[in-house]
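Colleague: Could you take one part of this model, the surroundings of the bound ligands, and go through it closely with me?

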Amino acid sequence: MSETPGISPLSADDQEPLRVVLAKLGFDGHDRGLKVVARTLRDAGMEVIYLGLRQTTDSIVAACEQEDADVIGLSMHNAGHLTLAPRMVQAVEEAGLGVPVVIGGIVPAEDVTVLIEAGVAAVLGPGASTEEVVAAVRAAVAHQSPAR
Amino acid sequence: MSAPLLDELFESARTGNRRALGRLLTMVERQDDNAVMVSERAHRDAGQARVIGVTGAPGSGKSTITGRLAAVSGAARPAILAIDPSSPLTGGAILGDRIRMDNNVSSSTFIRSMATRGHAGGLAVAVPDAVRVLDAAGCDPVIVETVGVGQVEVTVAAAADTTVVVVTPGWGDAVQANKAGLLEVADIFVVNKADRPDARGARRDLELMLDLGHRGDWRAPIVLTTATEGEGIDDLWSEIERHTSYLHHSGELIRRRCRRRRSEVADRIELGLRDRALRIIDDQSGESAMVRVERHELSPAAAAEQLLATLIPDNPPEE
Ligand code: B12
Ligand SMILES: Nc1nc2c(ncn2[C@@H]2O[C@H](COP(=O)(O)OP(=O)(O)OP(=O)(O)O)[C@@H](O)[C@H]2O)c(=O)[nH]1
Ligand SMILES: [Mg+2]
C-alpha cells in the first residue's frame with residue numbers, strides 16, 4: 001500500500017456533492033448504459049467525471065487521484081467482469097485509495113456473489129431503476145466511510 | 001489541519017504525488033476551513049507557472065486543443081483545470097472534458113475537473129486558488145478551460161497570463177450574445193475545426209474585427225487548427241510562447257498579475273460582505289428594520305443604508 005500521510009476519507013456533509021468516476025474498462029463499446037447512469041447521478045446532485053470507453057485500471061486510478069473521487073462506477077458488457085472487476089478492486093487497494101467500486105451492465109446472477117466477495121461494493125443489471133442506481137452509489141460510499 | 005501536515009501534503013504534491021495534489025485541490029474547491037491555510041501556503045511558492053486560459057463556445061474544441069497543448073508544450077509537468085457548469089436545479093454535473101484529453105496527454109499531465117457549484121461568485125475565488133495550488137506544486141503550464149458563455153466564465157478564463165479564444169467556422173451566430181466579451185479578452189484566436197468549410201471566412205471576420213478594435217502593441221494572432229488531427233497545435237504553442245515573451249519584455253506580465261490579484265481580493269471582499277449582509281438581515285437590528293420595511297414605513301434602500309452603516313462605518317475610527 002502506498003499510503004500518503006494526511007489523506008484519509010473525507011468526512012463530507014450533505015453540502016458537498018459526491019464525486020463519481022465513470023468508465024468502461026478495455027474493449028467494450030457498450031456505453032449507452034454508462035451515459036444513462038451519468039445523467040441519473042448528475043440529476044441526483046453528484047459530480048460525474050466521465051472517462052468513457054477504453055480505460056485501463058491505471059488510467060482510472062490516476063483519474064481518481066487527480067479528481068479526489070469518492071467512488072468508481074464501471075459498466076461491463078463484454079463478459080470480462082470476472083477478471084476485470086477484481087483487478088480494478090485490487091488496483092484501488094494497491095494505490096491505497098479506499099474508494100468503493102460499483103459495477104453495472106451484464107453480469108449473470110451466479111457471478112454477483114463472486115464479485116461481491118472480491119470486494120465489489122454493488123452490482124446492478126439491466127433495468128435497474130434510477131432510484132436503485134443512486135441508492136447503490138450512495139450506500140457504497142456510506143459503507144466505505146461511515147463518517148459520512 | 002495542522003501546519004506540519006499541510007507542509008507534508010505540499011511536499012508530496014511537489015514531488016508529483018497525485019493524491020496529495022488532488023486533496024489540496026478539494027480543500028480549496030470546497031473553500032472549507034482548511035482552504036485559507038492551503039491558499040496561504042500555496043501563495044508563498046506560486047508565481048512560477050505560465051497560466052493559460054482557453055475559452056470559447058460549447059463544443060468548439062477547447063478540451064481537444066487543451067490536451068494537445070499540454071502534449072506539445074514539452075513541459076515536464078503540465079496541469080489542466082477543466083471547468084464545467086453545475087446544473088442549477090440539482091447541483092450535479094457531468095464533467096466530460098477528460099474524455100477528449102486522455103488519449104493525447106501523457107501520464108505526467110495532471111487533469112482536474114471542476115464544477116461551477118452555483119455559489120454566487122464562488123468560482124471567482126476557487127479557481128485562482130486552484131491555479132495557485134497547481135503552481136505551487138510545480139506544475140507548469142497551468143491551462144484553464146472554461147465555456148465562454150457567461151460573463152463569469154469569461155472572466156475566469158481571462159484570469160490568465162495568456163487567454164486563448166476558440167471559435168469555429170460559422171461561430172458568429174453561435175456566440176453572438178457574448179461576442180464583444182470574448183473579443184475583448186483574447187490574446188490569441190484559434191479557428192478550430194479548420195477541416196470544415198469556411199475556416200478562412202472565419203479568419204477574415206476576425207481580422208476585420210481586429211482592424212476595427214485592437215488597441216495597444218499586441219495584436220491577437222489568429223491560428224487555424226484541426227485539433228482532432230493535431231494540426232496547427234504547434235503553431236498555437238509558438239504563438240503562446242511569443243505572447244509569453246511579449247508579456248515579460250513589455251512589463252505587461254507584472255501589470256496583469258497585479259490587476260488579477262486586485263480583483264481577486266475585491267471578489268473575496270464582495271463574497272465576505274454578502275455573507276455578512278445575509279447574517280445582519282437575520283439578526284436583531286436587521287429584523288426590526290425588515291419589520292418596518294414590511295409595514296411600508298421604511299424603504300428597502302433606506303433599510304440597506306442603515307444596516308450598511310453598522311457593517312462599515314462611513315468614517316472608520318482610527319485604530
Ligand atoms: C445496444 C446493444 C449494443 C449496441 C451498443 C451501443 C452502445 N453504444 O452502447 C451495439 C449494436 C453497438 C452492440 C454491439 C455488440 N454487442 Co451488444 N447489446 C446491446 C443491448 C441490446 C442493449 C444494451 C443497452 O444499451 N442497454 C440499455 C442500458 C441503459 O442498459 P445497461 O447497459 O444494462 O445499463 C443499466 C444497468 O445495467 C445499470 N448500469 C450499467 N452500467 C452501470 C454502471 C454503474 C456504475 C451503475 C451504478 C449502474 C450501471 O444501470 C443502467 C440503467 O438501468 C444488449 C442486450 C441487453 N439486454 O442488455 C446487447 C449485449 C450487451 N451485446 C452483446 C454482444 C455480444 C455484442 C457484440 C459482441 C455483438 C457482436 N458479435 O458484434 C457487439 C460488441 C460491440 C463492442 N465493441 O463492444 C451481448 C453481451 C453478452 C455478454 N456480455 O455475455 C448482449 C448482452 C446481447 C446478448 N444477449 O447476447 N450492442
Ligand atoms: N471536425 C472536427 N471536429 C473537432 C475538432 N476539434 C474537436 N472536434 C470535435 O468537437 C467535439 C467537441 O470537442 P471538445 O474538445 O469536447 O470541445 P469543447 O469546446 O471542450 O466542448 P465543451 O467542453 O463541451 O464546451 C468533439 O466531438 C471533438 O471530437 C476539429 O478540429 N475538427
Ligand atoms: Mg471541454
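Modeller: What follows goes through the shell of ligand 1 and then that of ligand 2.

The model is a predicted one, and the contacts below should be read with that in mind. I begin with the metal in ligand 1, whose cobalt atom has a single donor from the protein, the NE2 atom of A:His30, at 2.2 Å. In chain A, A:His30 is placed in the loop that runs between β1 (19–25) and α1 (32–43). Water is not among the atoms, so the site may look incomplete.

Around ligand 1 as a whole there are 24 residues, and those that come nearest are A:Gly29, A:His30, A:Asp31, A:His77 and A:Ala128. Among the polar contacts, a polar side-chain atom of A:Asp31 lies 2.8 Å from a nitrogen atom of the ligand, while a backbone N or O atom of A:Arg32 is found 3.0 Å from an oxygen atom of ligand 1. A polar backbone atom of A:Gly125 is likewise 3.3 Å from an oxygen atom of ligand 1. The elements that contribute two or more residues to this shell are α1, β3 (71–76) and β4 (101–105) of chain A, and the largest share, 4 residues, comes from α1(A). Divided by class, the shell of ligand 1 holds 10 nonpolar, 11 polar and 3 charged residues.

Turning to ligand 2, 18 residues surround it, and the closest of them are B:Lys62, B:Ser63, B:Thr64, B:Asp195 and B:Ala227. Two of the contacts to examine involve oxygen atoms of the ligand: a backbone N or O atom of B:Gly61 lies 2.9 Å from an oxygen atom of ligand 2, and a polar side-chain atom of B:Arg100 lies 3.4 Å from an oxygen atom of ligand 2. On the nitrogen side, an N or O atom in the side chain of B:Asn192 is 3.1 Å from a nitrogen atom of ligand 2. Taken alone, ligand 2 exposes 650 Å², of which the protein buries 77%, and the space that ligand 2 takes is the second largest pocket.

As for secondary structure, α4 (62–72) and β5 (142–147) of chain B are the elements that give two or more residues to the shell around ligand 2, with α4(B) giving the most, 3 residues. By class, that shell is made up of 4 nonpolar, 8 polar and 6 charged residues.

Definitions and conventions. Residues numbered from 1 in each chain as written. Chains lettered and ligands numbered in written order. Predicted model: local features only at pLDDT ≥ 70, side-chain atom pairs only at ≥ 80, totals over all residues. Heavy atoms only, no water. Donors = N, O, S within 2.8 Å, 3.2 Å for Na, K, Ca; no water. Near = heavy atom within 4 Å. Polar contact = N/O pair within 3.5 Å; in protein donor to acceptor, adjacent residues only side chain to side chain. Areas by Shrake-Rupley, 256 points an atom, 1.4 Å probe, with all protein chains shown as cover. 1 Å grid on protein atoms, 1.4 Å probe; cavity = no way out; pocket = protein on both sides within 12 Å on 5 of 7 lines; lining within 4 Å. Sits in = over half its atoms within 2 Å of the grid points. Nonpolar A, V, L, I, M, F, W, Y, C, P; charged D, E, K, R; others polar.
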